[in-house]
Amino acid sequence: MPNLHTMSAKKPIRIGVLASGGGSNLQAIIVNCAAGKINAQVVVVISSIADAYALERAKKAGIPAFFVNRKDFPDKSAFNRAIAGILREHHVDLVALAGYLRMLGPEILEPYRNRIMNIHPALLPSFGGKGFHGPAVHEAVIESGEKVSGCTVHFVDETYDTGPIILQKMVPVLDDDTPETLAARVLEQEHIAYPEAIGLFAEGRLKIVGRRVVISS
Ligand code: GRF
């Protein structure tokens with residue numbers, strides 16, 4: 001007798017997370033997967049920084065965690081091939097960049113075309129591109145006099161922060177904001193936006209049409 005539950009339930013998608021820092025977005029993704037809110041599981045975490053706290057978070061959650069040291073490889077291509085190899089070995093369906101500070105090479109971009117997401121702590125296409133990461137983003141937003149900021153989840157292409165936008169969440173910029181207070185307000189929204197975008201991907205509801213990501217109901 002076939003088991004109706006396993007027949008109807010779709011297999012969770014397998015996520016590989018690349019993170020260079022604290023990993024609070026990684027944590028939000030892990031928590032949402034574990035709670036069954038999104039049909040996905042984080043199967044591997046890779047960091048380019050040896051002591052990234054993201055690696056600790058992965059280990060605590062029982063997820064295989066790898067530090068890949070650029071210095072162990074003769075060139076960028078070999079470094080990117082090593083990362084692509086780990087993703088392949090773990091049968092990753094979706095790559096999620098969560099505070100990953102290195103540019104991806106074609107060795108990763110090509111096999112995972114339209115299957116790589118990133119989160120950025122501003123409303124792209126403003127305040128993105130090379131150099132716009134960490135406090136620099138929020139400093140620039142405050143200096144520009146913007147009344148709103150937020151976060152953007154987007155697919156990744158060959159250049160920093162330019163791929164098709166999946167979803168955005170807004171927050172106000174307050175008159176007395178510092179880069180730290182604004183970052184904290186944005187980060188809260190990141191922890192909602194990233195799992196939401198991954199959930200939509202897992203449900204097969206994202207379609208890229210030109211530069212637009214159409215979300216089907
Ligand atoms: C986040 O602000 C994200 O938008 C940016 O890097 C930061 C990573 O934070 N890409 P965390 O490591 O997930 O806490």
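User: In this predicted model, which residue has a backbone N or O atom that lies 2.9 Å from a nitrogen atom of the ligand?

Analyst: The model is a predicted one, and its ligand is surrounded by ten residues that include Gly21, Ser24, Ile119, His120 and Glu190. A pair of N or O atoms counts as a polar contact within 3.5 Å, and at 2.9 Å from a nitrogen atom of the ligand lies a backbone N or O atom of Ile119.

User: How much of the accessible area that the ligand has on its own does the protein cover?

Analyst: Oxygen of the ligand also meets the backbone, with an oxygen atom 2.7 Å from a polar backbone atom of Gly23 and an oxygen atom 2.8 Å from a polar backbone atom of Asn25. Of the 360 Å² of accessible area that the ligand has on its own, the protein covers 77%.

User: Is helix H6 roughly parallel or roughly perpendicular to helix H7?

Analyst: Two packed helices are described by the distance between their axes and by the angle between them. The axes of H6 (residues 135–144) and H7 (residues 179–202) come within 9 Å and cross at roughly 105 degrees. Because angles of 65 to 115 degrees fall in that class, H6 is to H7 roughly perpendicular.

User: How do the residues of the contact of H6 with H7 divide?

Analyst: On the H6 side the contact is made by Pro135, His138, Glu139, Val141 and Ile142, and on the H7 side by Pro179, Leu182, Ala183 and Val186. By class, these residues divide into seven nonpolar, one polar and one charged.

User: Which peptide bond is cis, with omega near 10 degrees?

Analyst: Most peptide bonds are trans. The cis bond leads into Pro125, whose place is in the loop between strand S5 (116–120) and H6. With omega near 10 degrees, the bond in question runs from Leu124 to Pro125.

Notes. Residues numbered from 1 in each chain as written. Predicted model: local features only at pLDDT ≥ 70, side-chain atom pairs only at ≥ 80, totals over all residues. Heavy atoms only, no water. Axes fitted to C-alpha atoms, helices over the stretch in contact; angles between N-to-C directions. Helix = DSSP H or I, 4+ residues; strand = E, 2+ residues; numbered from the N terminus. Parallel < 35°, antiparallel > 145°, perpendicular 65-115°, else oblique. Contact = heavy atoms within 4.5 Å. Nonpolar A, V, L, I, M, F, W, Y, C, P; charged D, E, K, R; others polar. Near = heavy atom within 4 Å. Polar contact = N/O pair within 3.5 Å; in protein donor to acceptor, adjacent residues only side chain to side chain. Areas by Shrake-Rupley, 256 points an atom, 1.4 Å probe, with all protein chains shown as cover.
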